[in-house]
Amino acid sequence: MEVLVPFSTDRPKSRLSSVLSRAERTAFARAMCTDVLAAVRAAGGEPTLLTTPPAESPADDLDVDAITAAAGIATPPVIVDDRALSAAVNAQLVDRRPTPDEPVAVVMADLAIATSAAIERLLTADGDVVIAPGRGGGTNALVVRDPSFRVDYHGASVRDHRRIAAAIDADVREIDSHRLASDVDEPADLTEVLLHGDGAAAAWLREAGFRLGVTDGRVGVVRE
Ligand SMILES: Nc1nc2c(ncn2[C@@H]2O[C@H](COP(=O)(O)OP(=O)(O)OP(=O)(O)O)[C@@H](O)[C@H]2O)c(=O)[nH]1
Ligand SMILES: C[C@H](OP(=O)(O)O)C(=O)O
């Protein structure tokens, strides 16, 4: 199954700017993307990177060769689209017209603890629309088997996607998965990566000096 992996080079992971510099956010975003591409391939999916145009500074670019070499996979197709996330994904859904025989999946590039087993559960679940909700209301991954379905990301997108699917009478399934629900948006999310990750993103954080720490009985991250 084709799996679109959206990746923005423009202001990567801005919500982590209180703990990571711009260059660090770029590097960490690439490490997470490496893990997602490796997990998608290992789950039998065929990733296509859906990215924004080259960044102003080459240092911020996608660097697809380095990412895929680190993931240990062949370079996937890369689609460049300067539109916002939903418009870029919807353009691909319009082009591909997904059906039960030729579904299209969308898996975000910031699912740093997604395993191949978790992605395989997503790709093999029945349903015209399969949703893996993110913590906090997002939609971390989708499988689309109905040509009329469109995405509407940001905000409580899981609720919007349920509504959009209901409006076209699509059969919706949801995947209850901690690993797919854990996208990395905010500093607190780094805890999950250090607790459960074993790929490039967790290694990058450790190399950058992040460690688990316990304050007032709660686990968080500290930087040495
Ligand atoms: N192609 C494309 N991908 C995007 C765009 N915006 C976000 N993404 C990707 O979509 C996924 C989810 O992004 P978000 O967590 O909403 O935003 P982000 O840009 O990663 O981070 P913030 O700046 O902190 O909001 C990530 O894999 C992003 O790289 C976009 O406009 N185009
Ligand atoms: C793309 C967006 O991601 P979030 O901002 O929830 O991480 C969403 O899932 O709607």
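**Helix 1 and helix 8**

Helix 1 covers residues 22–42, and helix 8 covers residues 200–207. In this predicted model, their axes come within 7 Å. The two axes cross at roughly 150°. Helix 1 and helix 8 therefore run roughly antiparallel to each other, because an angle over 145 degrees counts as roughly antiparallel.

Which residues make the contact? Helix 1 supplies Glu24, Ala27, Phe28, Ala31, Met32, Thr34 and Asp35. Helix 8 supplies Ala200, Ala201, Trp204 and Leu205. By class, the contact has eight nonpolar residues, one polar residue and two charged residues.

Ala200 is one of the helix 8 residues in this contact. Its place is in helix 8. Leaving aside neighbours within four places in sequence, Ala200 is in contact with Ala31, Thr34 and Asp35. Ala200 is partly exposed, with a relative accessible area of 26%.

**Arg25 in helix 1**

Arg25 is also found in helix 1. Is Arg25 buried or exposed? Arg25 is buried, because its relative accessible area is 10% and the cut-off for buried is under 20%. Residues up to four places away in sequence are not counted in what follows. On that basis, Arg25 touches Pro12, Lys13, Ser14, Leu16, Ser17 and Leu20.

**The largest pocket**

The largest pocket has a volume of about 1100 Å³. It is lined by 37 residues. Which of them are the closest to its centre? They are Lys13, Arg15, Leu85, Asp110 and His154. Lys13 is also among the residues that Arg25 touches.

Several elements give two or more residues to the lining. They are strand 1 (2–7), helix 1, strand 2 (46–51), helix 3 (85–96) and strand 6. Helix 1 thus appears both in this lining and in the contact with helix 8. By class, the lining divides into twelve nonpolar, 13 polar and twelve charged residues.

**Two aspartates with positive phi**

Most residues other than glycine have a negative phi. Asp169 has a positive phi of about 60°, although it is not a glycine. Asp169 is found in the loop between helix 5 and strand 7 (172–174). At 70% relative accessibility, Asp169 counts as exposed, because the cut-off for exposed is over 50%.

Asp216 has a positive phi as well, of about 50°, and is not a glycine. Where does Asp216 lie? Its loop runs between strand 8 (210–215) and strand 9 (218–223). Asp216 counts as exposed, at 79% relative accessibility.

**Ser148 and Ala69**

Ser148 is found in the loop between strand 6 (139–144) and helix 5 (157–167). Strand 6 is one of the elements in the pocket lining. Helix 5 also borders the loop of Asp169. Is Ser148 buried, exposed or partly exposed? At 42% relative accessibility, Ser148 counts as partly exposed.

Ala69 is found in helix 2, which covers residues 64–71. Ala69 is exposed, with a relative accessible area of 58%.

**Distances across the chain**

Four of the residues described above also have a C-alpha distance to a residue elsewhere in the chain. The table gives each pair with its separation along the chain and in space.

| C-alpha pair | Apart along the chain | Apart in space |
|---|---|---|
| Ser148 and Met1 | 147 residues | 18 Å |
| Ala69 and Ala38 | 31 residues | 10.0 Å |
| Ala200 and Pro54 | 146 residues | 23 Å |
| Arg25 and Pro98 | 73 residues | 33 Å |

Definitions and conventions: Residues are numbered from 1 along each chain as its sequence is written. Chains are lettered from A and ligands numbered from 1 in the order in which they are written. This is a predicted model: local features need pLDDT of at least 70, side-chain atom pairs count only at pLDDT 80 or more; totals for chains, interfaces and linings use all residues. Side-chain values use heavy atoms; hydrogens and water are left out. Helices (H or I, at least four residues) and strands (E, at least two) are DSSP runs, numbered from the N terminus. Buried means under 20% relative accessible area, exposed over 50%, partly exposed in between (1.4 Å probe, protein chains only). Axes are lines fitted to C-alpha atoms, for helices over the stretch in contact, and angles run from 0 to 180 degrees between N-to-C directions. Angles under 35 degrees count as roughly parallel, over 145 as roughly antiparallel, 65 to 115 as roughly perpendicular and the rest as oblique. Contact means heavy atoms within 4.5 Å. Ala, Val, Leu, Ile, Met, Phe, Trp, Tyr, Cys and Pro count as nonpolar, Asp, Glu, Lys and Arg as charged, and the others, Gly among them, as polar. On a 1 Å grid over the protein atoms alone, a cavity is a set of points where a 1.4 Å probe fits but cannot get out, and a pocket is an open set with protein on both sides within 12 Å along at least five of seven lines; lining residues have an atom within 4 Å of a point. Grid points are joined across faces, edges and corners, and a volume is the space filled by probe spheres set on the points.
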